[in-house]
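Colleague: Got a minute? I'd like to go through the ligand site.

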Amino acid sequence: MSAGAGAGAGREAAEELDAADPLREFRDAFVFADPDVIYLDGNSLGRLPSATAGFLGQLVTDGWGSGLVESWETWITWARRLGDRLAHHTLGAAPGEVVLSDSTSVNLYKLAVAALDAAPGRRTVLADIDDFPTNRYILQGLAEQRQLRLETLPSDPDEGLDLDVLRRALDQDVALVVLSLVSYRSGALMDMAAVNDAAVRAGARVLWDLSHAAGVVPLRLGADGAELAVGSTYKYLNGGPGSPAFLYVRKELQQQLRQPVWGWYGQRDQFRMAPAYEPVDGIDRFLVGTPPLLSLAAIEPALDVAGRVPVTRLREKSVQLGAYAVELAEVWLAPLGFRLASPREPARRGAHIALAHPDAARICSGLRAQERVICDFRAPDRLRIGLAPLYTRFTDVWDGLDRLRSFVGGRHHEQLPAAVSRVT
Ligand SMILES: *Cc1c(COP(=O)(O)O)cnc(C)c1O
C-alpha cells in the first residue's frame, strides 16, 4: 500500500491525504490548546476529548455536589457498564467479560495470580524479555514469592517476539504466558490467534496486555480464543491520566478463577457486609475496592467519540499514517543517522513507529522544547512516534518530521546538555 504521492512531493501531498481522510472531522471532538504543538504521543496519553471537561464538571456539581452518597446508586454499575461498552466496541468480547478497575499493573497481577492458582502442577511463566517494565517486574515478584520459574524469551527489539521461539518454550510445565500484543517500544504486533492456539495445545494460559493495541488494532478476544487480558484506557482510548484499566476474563473461565485481593467489590451481595469473603459470580469477582469515580467517568465521553467509528476504520487510517511516516523518515531522516526500529511491514505494527538514533534522548527533549513536536524517548536510543488515528493528520506527520529533520540537520541537539527529564 502506498500512503501517498511520495515524500518528495512536499507538503501538498499531506494536505491532499488530509482532505481525502474520511475521519478528518473527528479532530473536532478533541481539544487543541496550542495549534502550534505537533502531538505524536497519543500512545502515552491520549488527547482530551472536548466533551470531557463539561461532563466531569456536571458530574462533580450534580452527582457529587447535589446527589452526594445517593449517586452511588447509579455509579456502582459504571465499572461494568463501561466495561461492556469497551467489550463491544473495542475488544470483541461479550457482555459480562470486561470490567474497569485499578491500574493495568494491578490487574495484571490479579489475573496472573488467578491463572497460576488454577494450574498448581505447573511452575513456569513465560514472558518477553523486552516487554513493558511493569509486566516484567510484576512477574519477577511473583516468581520470587511463589518459587516459580520465570523464563524470559529473547525477542528482537525491532521486530518483536518470534512465534517459533515461544512455541519451543511451551512445554508441560508452563502455566502462564504473559505478552503484549503490541510492543511498547517498537510497535511490533503479535498474532493473537496463533499465540492462543499454541498455548492451548500446551495446556498453558495466555494473559495479554493490550495497552498499546486497544482502540487502534481491531481485536476479537472472543473469536481469537483469548482467555485473559488487561490494558490501559488512557492511551489510544483517551480516558485521561490514570483512568482505570480494563480487565477481561473469558466467560467460561470466570467461575474457576479466584483473584488474590479479596475486597468488598468482589464480594457476593456486597452490601450485606457478610463476615466471610465469598466471590460473586461473574466478572465482578475481579474487582477490589471503590473505583476512582471521576477518572472512571472520564472514559464515557471518550468512548462516545471512539464509538462513532469502528476500529477497523481507525486501523486503515493508522496503517496509512504509519506508512507515510516511514516513507518520509527514509528520505529525510535516514541520511541524518536515523534507522527504522519497527517492523517495516504495516501489517506487523501497531499504531506507532520507533526511530533509532544514537542521540535520541537529547533530540527528543530538544524537539519538545524548541520545535514543539511532542514524541517520546524510549531507552536505549529510540524516538517513539505515536500516530493516534482519531486526531492525527497527515500534515502533522509531515510537519513533525520536517521539524525533526531541520532540528537534527542543523545539529541543534548537539548544543544541548544530556536530557534530564524525569518522565520520558
Ligand atoms: C502503558 C502500559 C502499562 C501501564 O501500566 P500502568 O499500571 O497504568 O502504569 C502497562 N503495560 C503496557 C504494555 C503499557 O504500555
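Modeller: Sure, here are the ligand's surroundings and the record's binding residues.

Modeller: This is a predicted model, with local features needing pLDDT of at least 70, side-chain atom pairs counting only at pLDDT 80 or more, and totals for chains, interfaces and linings using all residues. Residues are numbered from 1 along each chain as its sequence is written, and side-chain values use heavy atoms, leaving out hydrogens and water.

Colleague: Which residues surround the ligand?

Modeller: S103, T104, S105, F132, T134, N135, S180, D209, S211, H212, Y234 and K235 (a heavy atom within 4 Å).

Colleague: Which polar side-chain atom lies 2.6 Å from a ligand oxygen?

Modeller: One from K235. The side chain of H212 has an N or O atom 2.9 Å from a ligand oxygen. For T104, a backbone N or O atom is 3.4 Å from one. Polar contacts here are pairs of N or O atoms within 3.5 Å.

Colleague: How much of the ligand does the protein bury?

Modeller: 86% of the 390 Å² that the ligand exposes alone (Shrake-Rupley, 1.4 Å probe).

Colleague: New topic. What does UniProt list as "binding site"?

Modeller: The unreviewed entry gives T104, S105, D209, H212, Y234, W264 and T290. Such annotations may be inferred rather than shown by experiment.

Colleague: Why don't they all gather at one spot?

Modeller: They span 187 residues in sequence, and the farthest two C-alpha atoms are 30.5 Å apart, so they are not all at one spot.

Colleague: And where is S105?

Modeller: In helix α5 (helices are DSSP runs of H or I, at least four residues).

Terms used. Polar contact = N/O pair within 3.5 Å; in protein donor to acceptor, adjacent residues only side chain to side chain. Helix = DSSP H or I, 4+ residues; strand = E, 2+ residues; numbered from the N terminus.
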